[in-house]
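User: Could you take a close look at one helix in this model for me, and then show me what lies around it? I am new to this, so please go step by step.

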Amino acid sequence: MNALAELYDHVAIGLSVAVSPTNLWYCLLGVFLGQLLGALPGIGALVAITLLFPITYHLEPTTALIMLAGIYYGSAYGGSTASILLNLPGTPSSAVACLDGYPLARQGRAGAALSMTTIGSFVGGSIGIILMMLFAPTIAEWALEFGPWEYVALIIVGLVSASTVGSESPLKGIAMVIIGIMVGLVGQDIGSGIPRFTFGSNELLDGVGLVAVAIGLFGVAEVISTLKSGFADEVNQFKVTLRSMIPTRDDARRSWKPILRGSAVGSFFGILPGTGALIASFISYAVERKLADDPSRFGKGAMEGLVAPETANNAADQTAFIPTMTLGIPGSATMAIMLGVLIMNGITPGPAVIAEKPELFWGLIMSFWIGNVILVILNIPMIGIWTRILTVPYRALYPFILAFVCMGIYSIAQSSFDIWIVFVAGALGYFFRILDLPLAPLILGVVLGPMFEEHFLRSQVLSRGDFMMFLQRPVSLVLLLIALAIVVTSAYSALFPRKVQEPVIDGSTNA
Amino acid sequence: MRLDFLCVAAAVATSVTAFALPATAADWPNQPITMIVPFPAGGGSDPVARMVADGLSKKFNQPVLVDFRPGGSATVGTNLVAKAKADGYTIMLSPNTPVVNVKYTIQDLPYDVEDLVAVTQLTDASIMLVANKNFEPNNFAELVEYAKANPGKINLAVQGTGGVSHFAASLIQSELGLDFNMVPYKGAGDMISDMMSGVVDIGFGFPTGFFSGVEAGKLKFVTSLADARSKALPDIATTAEEGFPQIRASAWLMLFAPKGTPAEVLEKLSTSTNEVLADPDITKRLEDLGYAVTAESSPEKAQALLEQDRTDFAKVIESGAMKLGAE
């Protein structure tokens with residue numbers, strides 16, 4: 001009871017801070033701008049935050065953080081919108097939302113898809129917040145146990161499951177993962193500083209921009225193939241009715257378990273410093289595909305395949321605050337900026353700050369909740385407006401798509417070089433579509449390849465080239481066994497396919 | 001095509017300064033100044049750049065625009081300044097990497113580091129040697145003893161090949177004949193996390209990055225590689241105080257201008273910047289961020305410091321302790 005009373009106190013302190021008119025206003029401003037900027041292709045949380053960062057110089061630290069955090073998780077809500085409607089990933093972590101979200105929109109179900117992702121995002125965010133309220137310090141301690149060996153093992157699990165994302169053929173999946181890894185390795189080697197695959201270009205020293213690749217592969221390739229097939233049949237194909245916006249009973253039945261699983265996966269990956277939300281969305285997609293009764297529906301408009309990853313990236317965005325707030329570890333560039341706001345105000349994040357400045361820590365957490373509620377309220381009426389975009393004839397729409405893509409990408413680093421990357425990626429994406437090769441594994445390869453290399457290099461430098469460390473550390477051993485199990489079950493079902501296609505009721509593995 | 005048009009439009013919009021009116025040093029500045037920062041917005045130098053630019057804008061009654069141009073390990077933005085017209089309307093705010101280290105870390109550099117001259121020093125920051133709480137030595141002298149007794153056993157985190165932590169570690173190795181196991185890191189997040197859990201024993205960085213870990217009882221400050229003790233950490237002795245004056249590393253931020261910028265312009269920019277930095281409010285905000293403020297710099301002093309750092313860096317490279325490129 002004592003712990004409960006304490007929690008009640010914390011919630012009360014937090015709420016009293018979060019609902020003050022100033023904080024409420026900046027929370028609203030943050031989530032609104034985050035949602036809006038997140039929906040624009042290329043402008044993710046980082047760009048949005050850096051644009052608005054100067055405002056924080058004149059704000060109280062708590063208020064500043066509430067606003068920046070609002071932009072951060074607000075952009076995760078907005079990110080999926082363009083993915084679903086136009087096959088344009090607004091943020092890298094919503095690239096997965098293209099896979100099933102866009103087919104749903106093509107089937108005239110964009111409204112339902114947006115409604116379900118809003119609900120999923122809210123639940124995922126809420127579960128992340130609850131975890132943070134109850135266990136933040138414990139979780140942070142536990143996350144420290146993840147050394148290079150554990151990361152290597154975890155990334156292997158990710159890469160193995162990636163090959164099952166977005167294609168019936170594991171071989172095609174693996175091929176695309178490898179291409180992705182090669183793209184990811186462009187730039188300076190972290191050990192020696194030697195440039196690789198840069199062809200003498202200094203612009204490529206820091207690597208190929210992930211956002212540019214994702215937008216090119218999905219969005220620009222989509223524009224090319226639509227232009228190729230002609231516009232005639234595109235005009236006014238979609239009718240927006242109120243009915244099409246409300247998720248069906250079937251949607252709800254299919255989605256509640258994926259939402260819960262997505263929350264779990266997302267919360268877990270968010271805690272680990274790094275690109276948590278992005279990996280979480282891919283892994284939760286792979287999980288749903290594995291568990292589905294009929295995996296062949298994935299990639300053709302499966303609601304589970306959209307809702308689970310969107311839930312996961314919102315949960316991850318919330319739990320990502322745990323290492324930052326409790327240990328001062330910046331998990332991403334965005335988190336580093338928020339850490340900077342605290343430091344600039346003479347506040348050192350850590351266990352002490354939770355005890356000494358409860359109004360800051362709990363005020364921030366309660367503002368998360370308020371922000372999530374605001375996002376749901378903002379989103380529901382917006383869905384009607386967003387879906388109307390689809391009634392615009394495509395030949396009027398695509399110049400705007402390309403213009404927004406260029407502006408968004410250019411805004412990241414004021415570099416026209418990145419725009420060329422988008423269009424090269426777009427041409428490649430179109431080529432891969434013709435060959436029926438899955439694009440999502442490529443994106444995951446781009447992200448995980450360099451991460452794998454970095455952690456693997458580190459693990460080997462630390463253990464002086466001894467591979468046994470992977471098996472001696474329990475967490476890494478368990479993760480490697482999971483990866484092995486995935487390979488074995490996939491190989492087994494590929495070698496011994498079920499002969500008769502019997503009606504399946506329970507979950508079964510796919511080939 | 002449409003794409004070309006957009007690229008051209010974007011390029012034109014951002015290079016308005018290219019159409020600068022002919023200016024003489026006497027009435028400088030009579031038009032907006034662009035301050036290029038070759039790192040991403042939101043990075044470590046972001047607040048300093050904005051504060052200084054804001055102060056200079058007021059002083060000159062001309063906008064000083066901060067333009068973040070990241071990419072190519074900071075060479076993309078630096079190249080823009082190196083190639084800009086030397087009229088004082090394009091300047092750069094930067095740490096040492098793109099004007100000192102790049103000479104050795106990047107092949108086919110598009111500019112010569114000598115194409116830029118130092119205008120004035122803005123800040124200095126203490127490079128601290130930090131260790132896991134359970135690491136035995138508590139000060140630098142003890143660390144040297146320990147390292148001699150355990151060659152190659154100490155795991156040392158290096159964040160960024162050719163960067164300041166790589167330099168500091170290599171300097172200690174070459175000057176004192178020690179051998180560390182250097183573990184490469186890209187980002188601060190992974191590094192701090194591994195230092196806290198004890199996977200690596202020691203690492204380098206600014207004080208502010210480690211306060212949380214120290215307060216959580218997982219890290220400890222061992223020594224400072226700066227010339228003087230950090231204001232935030234008055235109890236931590238410098239390497240020089242412990243009898244190792246040859247072990248020093250500085251992490252300044254300076255303003256740079258293209259070579260050939262009129263001396264009067266450099267002088268005026270430096271004096272005005274000193275006045276901006278001397279404002280108690282700005283001094284305090286920078287100190288809270290962990291910087292020491294140098295409001296007494298001049299083009300000569302800054303250039304001398306730059307040359308000193310180049311010499312120190314070259315020495316470590318020649319000693320072979322800093323492994324870059326293929327071995």
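Analyst: Here is a walk that starts at one helix of chain A and then moves outward to chain B. Please keep in mind that this is a predicted model.

Let's begin with α20(A), which covers residues 440-462 of chain A. One of its packing partners is α7(A), residues 148-162. The axes of these two helices are 8 Å apart, and the angle between them is about 155 degrees. An angle over 145 degrees counts as roughly antiparallel, and α7(A) and α20(A) are therefore roughly antiparallel to each other. As for handedness, α7(A) passes α20(A) in a left-handed crossing. Which residues make this contact? From α7(A) come A:Pro148, A:Trp149, A:Tyr151, A:Val152, A:Ile155, A:Gly158, A:Leu159 and A:Ala162. On the side of α20(A), the contributors include A:Leu444, A:Leu448, A:Met451, A:Phe452 and A:Phe456, along with A:His455 and A:Arg458. Sorted by class, this contact holds 14 nonpolar residues, three polar ones and one charged one.

α20(A) also meets α8(A), residues 170-184 of chain A. Here the axes come within 6 Å and cross at roughly 45 degrees, which makes α8(A) oblique to α20(A). In this case the crossing is right-handed. Among the residues that α8(A) brings to the contact are A:Gly173, A:Met176, A:Val177, A:Gly180 and A:Gly184. α20(A) answers with residues including A:Pro441, A:Leu442, A:Gly445, A:Val446 and A:Gly449. By class, the contact of α8(A) with α20(A) splits into 13 nonpolar and five polar residues, with no charged ones. You can find A:Pro441 and A:Leu444 in the contact with α7(A), and again in the contact with α8(A).

Now let's follow α20(A) to the other chain. It lies across β6 (155-159) and β7 of chain B, and it runs at about 165 degrees to β7(B). Those strands belong to an open sheet of five, in the order β7-β6-β8-β5-β9, with mixed pairing. β7(B) is an edge strand, as is β9(B) (219-224), and each of them pairs on one side only. From one strand to the next, the twist averages 30 degrees. Further along in this sheet, β5(B) (residues 128-132) and β8(B) (residues 202-205) run antiparallel and are joined by four bridges. If you want a spot to look at there, B:Val130 stands opposite B:Gly203 in β8(B).

How many residues does each chain put into the contact between A and B? Chain B gives 49 residues and chain A gives 52. On chain B, the elements that each supply at least two residues include β7 (181-185), α7 (188-197), α1 (2-14) and α10 (280-288). The largest share of that side, eight residues, comes from α7(B). By class, the side of chain B that touches chain A has 21 nonpolar, 18 polar and 10 charged residues.

Chain B has another open sheet worth a visit, with six strands in the order β2-β1-β3-β10-β4-β11 and mixed pairing. At its edges stand β2(B) (64-68) and β11(B) (292-293), each with a single partner strand, so one side of each has no neighbour in the sheet. For β11(B), the pairing with β4(B) (residues 116-126) is antiparallel and covers two bridges. In that pairing, B:Thr123 stands opposite B:Val293.

A couple of backbone details round off the tour. In chain B, the peptide bond from B:Trp28 to B:Pro29 is cis, with omega near -5 degrees. B:Pro29 sits in the loop between α1 and β1 (33-37) of chain B. In chain A, A:Asn87 has a positive phi of about 65 degrees although it is not a glycine. You will find A:Asn87 in the loop between α4 (61-86) and α5 (95-106) of chain A.

Finally, a word on confidence for the chain where we began. The mean pLDDT of chain A is 85, and 93% of its residues reach 70 or more. Over residues 500-511 of chain A, however, the pLDDT is below 50, and this stretch has 12 contacts in the model beyond near neighbours in sequence.

How values were computed. Residues are numbered from 1 along each chain as its sequence is written. Chains are lettered from A and ligands numbered from 1 in the order in which they are written. This is a predicted model: local features need pLDDT of at least 70, side-chain atom pairs count only at pLDDT 80 or more; totals for chains, interfaces and linings use all residues. Two residues are in contact if their C-beta atoms, placed from the backbone, lie within 7 Å. Ala, Val, Leu, Ile, Met, Phe, Trp, Tyr, Cys and Pro count as nonpolar, Asp, Glu, Lys and Arg as charged, and the others, Gly among them, as polar. Two strands pair if DSSP finds at least two bridges between them. Axes are lines fitted to C-alpha atoms, for helices over the stretch in contact, and angles run from 0 to 180 degrees between N-to-C directions. Angles under 35 degrees count as roughly parallel, over 145 as roughly antiparallel, 65 to 115 as roughly perpendicular and the rest as oblique. A crossing is left-handed if the near helix is turned anticlockwise from the far one by less than a right angle, and right-handed if clockwise. pLDDT is the predictor's confidence in each residue, from 0 to 100.
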